[in-house]
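Welcome! Here is a short tour of one structure, from its interior to its ligand.

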Amino acid sequence: MKILSGIQPSGELHIGNYFGMIKRMVENQDRGELYAFIVNYHAMTSLSDGKALRENTMNAAINMLSLGIDPNKAIFWVQSDLPEVLELYWILSNFTPMGLLERAHSFKDKTARGIAANHGLFSYPVLMAADILLFNADIVPVGKDQIQHLEMTRDIAQKFNNKYGEIFKMPEASIDEEVAVVLGLDGQKMSKSYQNTIEIFCDEKTLKKRVNSIVTDSTPVEDPKDAEKCNVFAISKLFYDKDELASLKARYEKGGEGYGIFKSELKDRIWSYFEPYREKREYYLNHKDEVRDILKSGAERARERAMPIIEKVRTVTGII
Ligand code: ADP
Ligand code: TRP
């Protein structure tokens, strides 16, 4: 089974990214053949600073390797190291009705927010379809916001197959309903756009500051507190096991302890949870050549798998 995931090289990672996506991706390495790649071409739709894109791409690679992508298990590369994807993107463009792209929620949302529409943003879903169909992926684990892009991929693949026969497999989206939305410091969805995040790789002082700024109510120290309404408790759920949560909840209900204590314990827990990942990251930051080698050999392995498909596509479409 081929499982495929594209990763945006966007800025610092927060614990919402980790529990919402990365942890699951790492687990997928043992469920099938994982194809994981950093979508730097897609990132151009929102980033035009070359230096920043180059740095973000390297950073994303280092972060994913540190958090558990294992190059011996997964095929891990940078999208632009396999320019065949752009060839397929063009070919698929000829099987993509304008109306399909015009209905895309993400395009409509972005333009509604005032982002200037250009062709890159408009045709983003075709490039994503090329990412997926270039490998005939079976499963694409995505968040709810990406479901429509998967439907578009299937539509485009179907149009192509209708013309040329069964070249592409229909990929399935896999939505993990169990993965809850991780809440941020203010109780809204944790997101870098809301500035309510806890970064995975910040220093200890910053982590302390962030955890201390989790919004709590003004229940006096001695009073019982409602754990289920508490933002500190909500985040604690990610880091404590069942028994620990039960005893933490009992302490909330008993009263006599302020939120400061719960925050300080949570901070220590988050810090130690990510300790091994920080160490790995330190290693990769000091061994960037090794990271480049990993990406290069990932791209070679990806190309080996893509070639038979792209060659079939060239043959049926008459591209010589
Ligand atoms: P942000 O909202 O901070 O911009 P992204 O949109 O870059 O985050 O998300 C990257 C990945 O992390 C996506 O797969 C998304 O589903 C996941 N993710 C982001 N925030 C959360 C969250 N608060 N809870 C669960 N998953 C999240
Ligand atoms: N559009 C995806 C996102 O914003 C990223 C992406 C690009 C992707 N190509 C992909 C995801 C292929 C899965 C498969 O998160």
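## Inside the protein

I15 touches V182, M190, I198, I200, I235, L238, F239 and F274, leaving aside residues up to four places away in sequence; a contact here means heavy atoms within 4.5 Å. This is a predicted model, where local features need pLDDT of at least 70, side-chain atom pairs count only at pLDDT 80 or more, and totals for chains, interfaces and linings use all residues. Residues are numbered from 1 along each chain as its sequence is written, chains are lettered from A and ligands numbered from 1 in the order in which they are written, and side-chain values use heavy atoms, without hydrogens and water.

I15 and F76 have the most contacts inside the largest nonpolar core, which has 54 residues. Such a core is a set of buried Ala, Val, Leu, Ile, Met, Phe, Trp, Tyr and Cys residues joined through side-chain atoms within 4.5 Å, and buried means under 20% relative accessible area (1.4 Å probe, protein chains only). A second, separate core of 45 residues includes L100, L133, F135 and I310.

## Around the ligand

Ligand 1 has these polar contacts, among others that may exist; the term means N or O atoms within 3.5 Å.

| Protein partner | Ligand 1 atom | Distance |
|---|---|---|
| H14, side-chain N or O | oxygen | 2.7 Å |
| G16, polar backbone atom | nitrogen | 3.3 Å |
| V182, backbone N or O | nitrogen | 2.8 Å |

## Cysteines

How many disulfides does a search of the whole structure find? It finds zero, a disulfide being a pair of cysteine sulfur atoms within 2.5 Å. The sulfur of C202 is 20 Å from the closest cysteine sulfur, in C230, so the two are too far apart for a bond.

How values were computed:
Buried < 20%, exposed > 50% of the residue type's maximum accessible area, 1.4 Å probe, protein only. Polar contact = N/O pair within 3.5 Å; in protein donor to acceptor, adjacent residues only side chain to side chain.
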